[in-house]
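Here's a friendly walk through a protein model for someone meeting it for the first time. Have a look at the picture, then read on.

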Amino acid sequence: MVGLLLLVLPVVLLVAAPRIRKMLSSGVCTSTVQLPGKVAIVTGANTGIGKETAKELAQRGARVYLACRDVPKGEVVAKEIQATTGNQQVLVRKLDLADTKSIRAFAKDFLAEERHLHILINNAGVMMCPYSKTADGFEMHIGVNHLGHFLLTHLLLEKLKDSAPARVVNVSSLAHHLGRIHFHDLHGETFYSAGLAYCHSKLANILFTQELARRLKGSGVTTYSVHPGTVQSELVRHSAAMRWMWWLFSPFIKTPQQGAQTSLHCALTEGLEALSGKHFSDCHVAWVSAQGRNETVARRLWDVSCDLLGLPMD
């Protein structure tokens with residue numbers, strides 16, 4: 001009997017996989033908004049969720065900047081998107097979120113090149129890296145996932161305000177529930193766990209979104225954090241165990257296109273302005289942890305981030 005079950009179970013799972021994946025991938029961006037004349041930036045757009053997000057924005061007529069570290073790979077993706085969508089306004093620019101000089105250079109060139117910015121999607125990220133630091137001495141997860149996007153957003157904020165209505169979407173994760181902001185050890189020099197470091201940085205994304213929304217109230221710029229779901233992507237490249245798990249459960253994991261839906265929902269759906277600062281999953285407002293709702297921590301994280309990046313507090 002056991003032997004029979006072992007033979008039958010894989011077949012049952014294989015047959016059921018499409019339905020299970022559909023069930024786990026609920027949430028589709030239903031907005032029909034078109035974007036001619038609009039300008040968008042998607043970080044980490046040369047692969048995975050970022051690539052699919054950029055493709056959909058281009059399909060709707062936006063001028064889309066693929067902001068990525070690997071420019072040659074980005075150029076290949078840009079040509080693919082151009083061919084698929086017929087939109088030739090898909091541009092690649094160098095952006096290394098692990099180096100504030102690169103971030104400042106990207107922002108300076110963009111501001112000189114473009115008059116407007118309507119959509120900024122802070123999508124790029126790292127996950128479960130071995131302990132390492134960015135060019136500026138920040139722990140890699142908090143440095144790339146939070147501080148890099150914090151600086152980028154700050155440098156582009158006036159352009160977003162001038163282009164209002166505009167939106168900022170920060171890609172976070174359900175993993176934020178395990179995160180904590182340890183101000184006394186923000187860079188993991190006393191204790192480091194690759195998994196927890198990722199969780200901490202995803203909590204930082206949510207706190208940043210909430211504080212940014214508070215500061216932008218009345219400006220015409222709104223902001224949202226999103227959990228894209230469990231998605232087949234290159235994000236797990238640093239962990240052999242995670243790659244194995246992703247392979248084992250691949251029939252039940254979202255595709256990058258499915259994973260991009262909540263980012264697109266928050267970037268495009270009309271009438272979301274009153275929900276600025278909220279967290280979304282599967283295209284609906286989602287619950288965040290108690291830590292993610294702590295306004296005192298959010299404000300302190302803002303100030304600490306400004307101090308680390310040499311930005312004015314206000």
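Helices (H or I, at least four residues) and strands (E, at least two) are DSSP runs, numbered from the N terminus. Keep in mind that this is a predicted model, where local features need pLDDT of at least 70 and side-chain atom pairs count only at pLDDT 80 or more, while totals for chains, interfaces and linings use all residues. Residues are numbered from 1 along each chain as its sequence is written, and side-chain values use heavy atoms, with hydrogens and water left out.

**Charged pairs**

Let's start with the charges. Side chains of opposite charge can pair when their charged atoms come close. A salt bridge here is a side-chain nitrogen of Lys or Arg within 4 Å of a carboxyl oxygen of Asp or Glu. By that rule there are 14 salt bridges, and the table shows some of them.

| Pair | N to O distance |
|---|---|
| Glutamate 113 and arginine 63 | 3.9 Å |
| Glutamate 211 and arginine 215 | 2.9 Å |
| Arginine 299 and glutamate 295 | 4.0 Å |

Glutamate 113 sits in helix α4 and arginine 63 in strand β2, so their bridge ties together parts that are 50 residues apart in sequence. The other two pairs stay within a helix: glutamate 211 and arginine 215 are both in α6, 4 residues apart, or about one turn of the helix. Arginine 299 and glutamate 295 have that 4-residue spacing too, about one turn, in helix α10. These two pairs also belong to something wider, a network of salt bridges that links Glu211, Arg214, Arg215, Glu295 and Arg299.

How covered are these residues? Buried means under 20% relative accessible area, exposed means over 50%, and partly exposed is in between (1.4 Å probe, protein chains only). Glutamate 211 is buried because its relative accessible area is 3%, while arginine 215, at 31%, counts as partly exposed. Over in α10, arginine 299 is partly exposed at 37%, and glutamate 295 is exposed at 53%. As for the pair that joins α4 and β2, glutamate 113 is partly exposed at 37%, and so is arginine 63, at 22%.

**The greasy inside, and a patch outside**

In soluble globular proteins, nonpolar side chains tend to be buried together. A nonpolar core is a set of buried Ala, Val, Leu, Ile, Met, Phe, Trp, Tyr and Cys residues joined through side-chain atoms within 4.5 Å. The largest one in this model has 37 residues, and Ile41, Leu117, Leu120, Leu156 and Leu160 touch the most other members. At least two residues each come from β1 (39–43), β2 (63–68), α4 (100–113), α5, β5, α6 and α10 (295–309). Which helix gives the largest share of this core? That's α5, with 9 residues. There's also a second, separate core of 31 residues, with Ala40, Ala58, Ile119 and Val169 among them.

Contact means heavy atoms within 4.5 Å. Skipping neighbours within four places in sequence, leucine 160 is in contact with Leu117, His118, Leu120, Ala166, Arg167, Val168 and Val221.

Some nonpolar residues face outward instead. Patches are made of residues with over 30% relative accessible area and no salt bridge; like charges are joined within 9 Å, and nonpolar side chains (Val, Leu, Ile, Met, Phe, Trp, Tyr) within 5 Å. Leu178, Phe191 and Leu196 make up a nonpolar surface patch with about 310 Å² of accessible area together, with areas taken from the Shrake-Rupley method with a 1.4 Å probe, only the protein chains shown counting as cover for residues. Leucine 178 lies in the loop between β5 (166–171) and α6 (194–216) and is exposed at 57%.

**Backbone oddities**

Most residues other than glycine have a negative phi, and most peptide bonds are trans. Here are a few exceptions. The bond from alanine 164 to proline 165 is cis, with omega near 5°, and proline 165 is in the loop between α5 and β5. Methionine 128 has a positive phi, near 55°; this residue is in the loop between β4 and α5 and is partly exposed at 23%. Cysteine 283 also has a positive phi, about 65°. Cysteine 283 lies in the loop between β7 and β8 (284–285) and is buried, at 8% relative accessibility.
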